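Got your viewer open and a cursor ready? Load the model, and we'll go from stop to stop.

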Amino acid sequence: QVHLVESGGGLVQAGGSLRLSCVASGQTFSRYAMAWFRQAPGKEREFVAAISYVGSTIYYADSVKGRFTISRDNAKNTVYLQMNSLEPEDTAVYYCAADRNIGRGHYDYWGQGTQVTVSS
């Protein structure tokens, strides 16, 4: 089992920045690929970014490429999502996820989510 807890969400104006954090516990963090997904009201959950267990492979959704940066600190069991140039369309609940394999779809473990609201 991997337990994930997100933090760092909030209300920000368009053009602003936020950094989300996700702390993992329960298993060896460095053995897991980590990802961020988001779900806006009335929409399906969508992939945002993913990072391999050593950080050598990173994926981004086209909608956030160049604005968002995923990173991890294995010593702190934490994955981050730095979000810059935020747009109202980025408003969603953001979820952290973990899996043995990096990808843009299935992940075994999920956090409870943190709300990000971008005002225009």
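## A charge over a ring

Select Arg-72 and Phe-29: the charged end of Arg-72 sits over the ring of Phe-29, 4.4 Å from its centre. "Over a ring" is used here when NZ of Lys or CZ of Arg is within 6 Å of the ring centre and within 35 degrees of the ring normal.

A word on the ground rules: this is a predicted model, where local features need pLDDT of at least 70 and side-chain atom pairs count only at pLDDT 80 or more, while totals for chains, interfaces and linings use all residues. Residues are numbered from 1 along each chain as its sequence is written, and side-chain values use heavy atoms, with hydrogens and water left out.

## Thr-78 and its surroundings

Next, pick Thr-78, in strand S8 (residues 78-83). Strands (E, at least two residues) and helices (H or I, at least four) are DSSP runs, numbered from the N terminus. Which residues does Thr-78 contact, leaving aside its neighbours within four places in sequence? They are Ser-21, Cys-22, Val-23, Phe-29, Ser-71, Arg-72 and Asp-73, so Phe-29 and Arg-72 from the opening stop turn up here again. Contact means heavy atoms within 4.5 Å.

Thr-78 is buried, with a relative accessible area of 6%. Buried means under 20% relative accessible area, exposed over 50%, and partly exposed in between (1.4 Å probe, protein chains only). Its side chain reaches the backbone oxygen of Lys-76 at 2.7 Å. That is a polar contact: a pair of N or O atoms within 3.5 Å, where within protein one must be able to donate a hydrogen and the other to accept it, and residues adjacent in sequence count only if both atoms are side-chain atoms.

Now click Asn-77, in the loop between strand S7 (68-73) and S8. Check the backbone: Asn-77 has a positive phi of about 55° although it is not a glycine. At 27% relative accessibility, Asn-77 is partly exposed.

Jump to Ser-85, in the loop between S8 and S9. Ser-85 is not a glycine either, yet its phi is positive, about 50°. Its relative accessibility is 42%, which puts Ser-85 in the partly exposed class.

## The four-stranded sheet

Switch to cartoon view and find the open sheet with the order S1-S3-S8-S7 and antiparallel pairing. Which strands stand at its edges? Strand S1 (3-7) and S7 do, each with a single partner strand, so one side of each is left without a neighbour in the sheet. On average, neighbouring strands of this sheet are turned by 15° against each other, direction ignored; the axes are lines fitted to C-alpha atoms (for helices over the stretch in contact), and angles run from 0 to 180 degrees between N-to-C directions.

Walk across the pairings, where two strands pair if DSSP finds at least two bridges between them:

- S1 and strand S3 (residues 18-25) are antiparallel, with five bridges; Ser-7 has Ser-21 in S3 as its bridge partner.
- S3 and S8 are antiparallel, with six bridges; Arg-19 stands opposite Gln-82 in S8.
- S7 and S8 run antiparallel, joined by six bridges; Phe-68 has Met-83 in S8 as its bridge partner.

Stay on Arg-19, which lies in strand S3. Arg-19 is partly exposed, at 47% relative accessible area. Not counting residues up to four places away in sequence, Arg-19 touches Ser-7, Gly-8, Tyr-80, Leu-81 and Gln-82. Draw a C-alpha to C-alpha line to Tyr-80: 6.8 Å in space, 61 residues apart in sequence.

## From Tyr-80 to Trp-36

Keep Tyr-80 selected and add Trp-36, in strand S4. Trp-36 is buried, with a relative accessible area of 0%. These two are 44 residues apart in sequence and 8.9 Å apart in space, C-alpha to C-alpha. The backbone oxygen of Tyr-80 lies 3.5 Å from a polar atom of the Trp-36 side chain.

## The aromatic cluster

For the last stop, show Phe-37, Phe-47, Tyr-107 and Trp-110, which form one aromatic cluster. The structure holds four aromatic pairs. Why does Phe-37 with Tyr-107 count as edge-to-face? Their ring centres are 5.6 Å apart and their planes are at 70°. Rings of Phe, Tyr and Trp (its six-membered ring) pair if their centres lie within 6.5 Å; planes under 30 degrees apart count as stacked, over 60 as edge-to-face and the rest as tilted.

Phe-37 is buried at 4% relative accessibility, and Tyr-107 is buried too, at 3%. Finally, add Arg-45: its charged end sits over the ring of Trp-110, 3.7 Å from the centre.
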